[in-house]
Amino acid sequence: MKTFRSLFRTATLALSAAGLLASQAMAMPVIAPDQSSSIVLAASDCYAIGQQVAEQNGGTLAKASQSTRGGQPVCVIVVLVPGKDGQRPRRSEIIVPQN
């Protein structure tokens, strides 16, 4: 009985892993790059901007979200800056234009 359970469990895990890998392979579209265009447009990423801001402030990134302020797209970055003398980290919210 234990052998059957062990075999069944192993088979179930193997089938689940195979299904996961197959679904991931099907989900990734293969797109050939267009050689005629030499300019590639890249959108700003609030998470990447947040990591840079956190590094500049000596803290860790807690949250990065996109918002609109005054009709302009901005990134709202929340950084946790370590406290002095073992105190709690400070929460600092920084608004950065998304360019």
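**View 1. The hairpin of S1 and S2 includes Gly 70 with a positive phi.** In this predicted model, the hairpin has 2 residues between its strands. Gly 70 takes a phi near 65 degrees there. Follow the two strands away from the turn and you will find that S1, residues 60-69, runs antiparallel to S2. The two are joined by 9 bridges. To locate one position along this pairing, look for Thr 60, which stands opposite Leu 80 in S2.

**View 2. Cys 46 and Cys 75 form a disulfide.** How many disulfides does a search of the whole structure find? The search finds 1. The sulfur atoms of Cys 46 and Cys 75 are 2.1 Å apart. As a reminder, a disulfide is a covalent bond between the sulfur atoms of two cysteines. The torsion about the S-S bond of Cys 46 and Cys 75 is about -75 degrees, so this disulfide is left-handed. Because Cys 46 lies in helix H2 and Cys 75 in strand S2, the pair ties together parts that are 29 residues apart in sequence. Are these two cysteines buried or exposed? Cys 46 counts as buried because its relative accessibility is 8%, and Cys 75 is buried too, with a relative accessible area of 0%.

**View 3. The largest nonpolar core has 9 residues.** Both disulfide partners, Cys 46 and Cys 75, belong to this core. Their companions are Ile 49, Val 53, Ala 54, Ile 77, Val 79, Val 81 and Val 96. Helix H2 (46-57) and strand S2 (72-81) each supply at least two residues of the core.

**View 4. Ile 77 is a good place to zoom in on the contacts of one core residue.** Which residues does Ile 77 touch, leaving aside its neighbours within four places in sequence? Among them are Cys 46, Val 53 and Val 96, which are also listed in the core. Ile 77 is in contact with Gly 50, Leu 61, Lys 63 and Ala 64 as well. Ser 92, Glu 93 and Ile 94 are further contacts of Ile 77.

**View 5. Gln 98 makes a side-chain polar contact with Gln 66.** You can find Gln 98 in the segment after strand S3 (90-97). Why does Gln 98 count as buried? Its relative accessibility is 14%, and buried means under 20%. The polar contact between the side chains of Gln 98 and Gln 66 spans 3.1 Å.

**View 6. The chain has 2 helices and 3 strands.** From the N terminus on, the elements run α-α-β-β-β. Buried residues make up 14% of the 99 residues in the chain.

Notes:
Residues numbered from 1 in each chain as written. Predicted model: local features only at pLDDT ≥ 70, side-chain atom pairs only at ≥ 80, totals over all residues. Heavy atoms only, no water. Helix = DSSP H or I, 4+ residues; strand = E, 2+ residues; numbered from the N terminus. Buried < 20%, exposed > 50% of the residue type's maximum accessible area, 1.4 Å probe, protein only. Core = buried A, V, L, I, M, F, W, Y, C linked by side-chain atoms within 4.5 Å. Contact = heavy atoms within 4.5 Å. Polar contact = N/O pair within 3.5 Å; in protein donor to acceptor, adjacent residues only side chain to side chain. Pairing = 2+ DSSP bridges. Disulfide = S-S within 2.5 Å.
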